[in-house]
Amino acid sequence: MADMELPAWQQPSLLTALAMPPPVFLPKQLLIIDVETTGLEPDRFECLEVGAILFSVPHRSVLSQLSFLLPVSANPAVAVNGINPLATQEPQPWQQCLLLLDAMARDAQLAVAHNASFDRRWFGCGALPELFMPWLCTMEDIAWPKSLGLRPRPSLRDLALAFAVPVWAAHRALTDCIYLAQVFERCDDLENMLLESLEPRQLYRAQVSYSQRQLAKDAGFRWNEPVRGAWTRRLSERQLKTMDLPFEAEPVEKEVA
């Protein structure tokens, strides 16, 4: 009866609910994304190829896929991606492809990329629309099974080969998306992996000396990014507890933008 005398928002059951973190939403459809660009910085270079796959998590199936070039006048990164800028200028319906990309994005709940911090920067720049959805990075966010023997931040090639996915090419947008889709097709525990990867993350600083820097590197911590003069990595509480780090890691109170 005492609970009834309190204002509704002060009742213990409601206070408990307010204190609990919001539940992690399990996406049913993923938009697997990869871009090829003429350089590293969106303010100086251009995106010249987009690959995208709409992937069903419950069915472990590709629903639709898309690949197209965007016209550019030059490609300083041709040695990396092999895309001739003259080919990008050939007639092809890239404007309609952008509309299809937007339609695929509306049916997905999560954008997924390998090294997502790079790919997501190009959306909202130039011809590419913004993607109003959360992003997941298969290099940084997913804790791949230890039995695979992968490094903390595996390359896409190593990740594909660990799942017995044939690697026949690299640095073409749709090809890289296909590798990720085929990895997901082989993940029996994909739902739990996605849920764990979407847990809140905190940036941690590795407490290591100069002579111990390899320990931080081996654990997936990055030097000078985003905090200058420090080895840092974003980790969930679950990851921090299960990694058994050979050094102390402290949370970074304020990240550098």
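1. Of the 257 residues in the protein chain, 41% count as buried. The model is a predicted one. Its secondary structure amounts to 11 helices and 9 strands. The chain exposes about 14600 Å², with 55% of that supplied by carbon and sulfur atoms. Among contacts with a separation of 6 or more, 62% join residues 24 or more positions apart.

2. Helix H8 covers residues 173-185. From first C-alpha to last, the 13 residues of H8 reach 19 Å, which is close to the 18 Å expected at 1.5 Å a residue. H8 is mostly covered, with 11 of its 13 residues buried. The buried residues include the polar positions Thr 175 and Asp 176 as well as Leu 174, Ile 178, Leu 180, Val 183 and Phe 184. The cover over the buried part of H8 includes four strands by name, E1 (29-37), E2 (47-56), E3 (61-69) and E4 (110-113). Helix H7 (156-162) and helix H9 (190-197) are also among the elements that cover H8.

3. A second region to look at is the sheet. Four strands, in the order E7-E8-E6-E9, form an open sheet with antiparallel pairing. Its edge strands are E7 (222-223) and E9 (248-251), each of which pairs on one side only. Strand E6 (residues 202-207) pairs with E8 in the antiparallel sense over 4 bridges. Leu 203 has Arg 234 as its bridge partner in E8.

4. Thr 232 lies in strand E8, which spans residues 231-235. Is Thr 232 buried or exposed? Its relative accessible area is 1%, under the 20% cut-off, so Thr 232 counts as buried. The side chain of Thr 232 reaches the backbone oxygen of Glu 225 at 3.0 Å. Leaving aside neighbours within four places in sequence, the contacts of Thr 232 include Leu 203, Tyr 204 and Arg 205. Phe 221, Arg 222, Glu 225, Pro 226, Val 227 and Val 252 are also in contact with Thr 232.

5. The loop between E1 and E2 holds Thr 38, and Phe 45 is found in that loop too. Thr 38 has 4% relative accessibility and therefore counts as buried. Phe 45, at 22%, is above the 20% limit for burial and so counts as partly exposed. Not counting residues up to four places away in sequence, Phe 45 touches Thr 38, Gly 39, Leu 40, Pro 76 and Trp 122.

6. With the same exclusion of sequence neighbours within four places, Thr 38 is in contact with Phe 45, Glu 46 and Leu 48, along with Val 72, Ala 74, Asn 75, Pro 76 and Ala 77. Pro 76 thus appears in the contacts of Thr 38 and in those of Phe 45. Phe 45 and Ala 77 are 32 residues apart in sequence, and their C-alpha atoms are 9.9 Å apart in space.

7. On cysteines, the structure holds 0 disulfides. Cys 97 has a relative accessible area of 13% and so counts as buried. Cys 137 is also buried, with a relative accessible area of 6%. Cys 177 is one of the buried residues of H8.

How values were computed:
Residues numbered from 1 in each chain as written. Predicted model: local features only at pLDDT ≥ 70, side-chain atom pairs only at ≥ 80, totals over all residues. Heavy atoms only, no water. Helix = DSSP H or I, 4+ residues; strand = E, 2+ residues; numbered from the N terminus. Expected span 1.5 Å × (residues − 1). Buried < 20%, exposed > 50% of the residue type's maximum accessible area, 1.4 Å probe, protein only. Contact = heavy atoms within 4.5 Å. Polar contact = N/O pair within 3.5 Å; in protein donor to acceptor, adjacent residues only side chain to side chain. Areas by Shrake-Rupley, 256 points an atom, 1.4 Å probe, with all protein chains shown as cover. Pairing = 2+ DSSP bridges. Disulfide = S-S within 2.5 Å.
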